[in-house]
Amino acid sequence: MQAQASAALAAAPPARSSGGAATAAACRRGAAAPLRRGVAACAAGGSAKEVLERAADRSEPANEPGFDARAFRRSLNTTGRYTRKPSNDPDSLALMEEHGVGYSTSGLVAQMRETGYAWKQGDVTVKLAEAYGFCWGVERAVQMAYEARKAYPGQRLHITNEIIHNPGVNQRLKEMDVQFIDQGPDGEKDFSGVKSGEVVILPAFGASVQELRLLNERQVQIVDTTCPWVSKVWNAVDNQTRKGHTSIIHGKWEHEETIATASFAGTYVIVKGLAEAEYVCDYILNGGNREEFLAKFSNAMSPGFDPDRDLERIGMANQTTMLKGETEAIGKLLEKTQLKKYGPAELSSRFMIMDTICDATQERQDAVYKLTGAQGTAEGVDIMLVVGGFNSSNTSHLQEIPELKDIPSFWVDSAARINVDANKVTHKLAHGELVETANWLPEGPLVIGVTSGASTPDKAVEDVLDRVFRIKDPSFAGIAPRKAAVKKAAHEEE
Ligand code: SF4
């Protein structure tokens, strides 16, 4: 990483891509990211800054015809100003441990992994979900941000968004003098403070191609922490675009990851669930009200999208934090629809799908189902504790499960939400309401199920449990640290 830092001053090739084959599909390429993240309209080309500044106009594609997003991404590797892998710097790893922003190695969570995912403290029994907390991609992103801080001492370091959806980790980066790019009330980003030669970190869920173009044109050093599983989705939509297919993206149109994925697609529609996918499939098979379609997906489709023209060839893509089962069901539905409409002989030219599902989200959900699956027996839990950022999509799904089973469940983003003296907690419900509950921990024996979202460091869980134990036993003096086996990563490095 140090060598890369010095390479930051090396001359770089211009930002424009090689162009690539200007196929009909490519001419439709470069669809704008949704309005609220800055980007769009530049049919006549222009600087990347202009591309960004035209963000408000969603009627035109973001990139000029013929712009080749994949070639552009590849060209970044040759600039000498682009880093996309961790260096495994031991000092950075040690600092992460000191800050409690990685996997726990000696705290309560680490020790619970060695004691059957359970712990008894006085009359409290804690059961930890068997899959919980930081996923591989998130841990990797935080590590790369720490390594960047060390590699560029004294240099201005920016990040285009929260590195991950966890307030504690983001706060740590702020304390390390990492500047977060300002966003207006509508989410539009202000890159005016980013100067040539400075360093910009891209978060785990990536950045749009238009942001990448702007940063490259400005000759900054880019530290790209985008999870490789997210990049895999970008490759899928790129393949679909090259073959003239419209990408049907299962995701939330306002989520940063989906915004980035859409920016790498040519023509796209974003469906947030099975019901919207069924609507699209019904339109494919039976036609429908075009105006209603356009209104329904007004924030969730590429500029100039025409359902009567653009659904003849389709491909499937997904936001990685959506429910795996739902993504699979949508993929099957789309395939079945094209089969019905065009017959088996044409299916391969009418439908594309690539396995881009990341299991991390589903594994965490399955573990909560298991934890809460034996209610009313000695194996069940009395209450659930869900720890994770309040803007974390995958954590909200974890909270949903006990709520649907009528199990009291308390979703907190940090230990600060728990008032020990008053036995009170401020917590969020799955549908978004923030509520305060007094006397939330009853007296006597209690079995608590615990889980945490994929952006939540183990330390956040340990801090929450510390407060729980102190409420139940005012004389509780904390868990003594003890070195434990290191958590295994769910995926290998590419
Ligand atoms: S949930 Fe999966 S795709 Fe998303 S950051 Fe984690 S490992 Fe990567």
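An open sheet of four strands, ordered β11-β10-β12-β13 and paired in parallel, is one of the features of this predicted model. The edge positions belong to β11 (268-271) and β13 (351-352), each of which pairs on one side only. The protein chain as a whole contains 18 helices and 19 strands. Of its 494 residues, 50% are buried. Among contacts in the protein chain with a separation of 6 or more, 72% are between residues 24 or more positions apart.

**The four-strand sheet**

- Strand β10 (residues 246-250) and strand β12 (residues 314-318) are joined in the parallel sense by five bridges.
- In this pairing, H250 is located opposite N318 of β12.

**The five-strand sheet**

- A further open sheet consists of five strands in the order β1-β9-β8-β4-β5, and its pairing is parallel.
- Its edges are formed by β1 (82-83) and β5 (178-180); each has a single partner strand, so one side of each lacks a neighbour in the sheet.
- The partner of β1 in one pairing is strand β9 (residues 221-224), to which β1 is connected by two bridges in a parallel arrangement.
- Within that pairing, T83 faces V223 of β9.

**Strand β14 and its partners**

- Strand β14 (residues 383-387) has four of its five residues buried, and it is therefore largely enclosed by the rest of the structure.
- Five bridges link β14 to strand β19 (residues 446-452), and the two strands run parallel.
- I383 is placed opposite I448 of β19.
- β14 also runs parallel to strand β15 (residues 409-412), with four bridges between them.
- On this side, V387 is the residue opposite V412 of β15.
- The path from β14 through helix α17 (residues 393-404) to β15 constitutes a right-handed β-α-β unit.

**Helix α7**

- Helix α7 spans residues 136-151, and at 1.5 Å a residue its 16 residues should cover 22 Å; the end C-alpha atoms are 22 Å apart, which agrees with that expectation.
- The helix is mostly covered, as 15 of its 16 residues are buried.
- α7 also supplies three residues to the shell around the ligand, which is the largest share.

**The shell around the ligand**

- The ligand has 14 residues around it, of which C135, G137, C227, W229 and C358 come nearest.
- Two or more residues of the shell are given by each of the elements α7, α10 (228-242) and α16 (360-371).
- By class, the shell comprises ten nonpolar residues, four polar residues and no charged residues.

**Backbone with positive phi**

- Most residues other than glycine have a negative phi.
- D406, which is not a glycine, has a positive phi near 60°.
- D406 is situated in the loop between α17 and β15, and thus belongs to the connection that follows the helix of the β-α-β unit.
- With 8 other C-beta atoms within 10 Å, D406 is exposed, because a residue with 12 or fewer such neighbours is classed in that way.
- N423 likewise is not a glycine, and its phi is positive at about 50°.
- The loop that holds N423 lies between β16 (418-419) and β17 (424-428).
- N423 counts as partly exposed, because it has 16 C-beta neighbours inside 10 Å.

**Surroundings of A438**

- A438 is part of strand β18 (residues 434-438).
- The residue is exposed, because 9 other C-beta atoms lie within 10 Å of its own.
- Leaving aside residues up to four places away in sequence, A438 touches A422, N423 and K424.
- N423, one of these contacts, is the loop residue with a positive phi described above.
- A438 and A422 are 16 residues apart along the chain, and 7.4 Å separates their C-alpha atoms.

Definitions and conventions:
Residues are numbered from 1 along each chain as its sequence is written. This is a predicted model: local features need pLDDT of at least 70, side-chain atom pairs count only at pLDDT 80 or more; totals for chains, interfaces and linings use all residues. The expected span of a helix is 1.5 Å times one less than its number of residues. A residue is buried if 20 or more other C-beta atoms lie within 10 Å of its own, exposed if 12 or fewer, and partly exposed in between; C-beta atoms are placed from the backbone. A residue is near a molecule or strand if its C-beta atom, placed from the backbone, lies within 6 Å of it. Ala, Val, Leu, Ile, Met, Phe, Trp, Tyr, Cys and Pro count as nonpolar, Asp, Glu, Lys and Arg as charged, and the others, Gly among them, as polar. Two strands pair if DSSP finds at least two bridges between them. A crossover is right-handed if, with the strands pointing away from the viewer, the path from the first strand over the helix to the second runs clockwise. Two residues are in contact if their C-beta atoms, placed from the backbone, lie within 7 Å.
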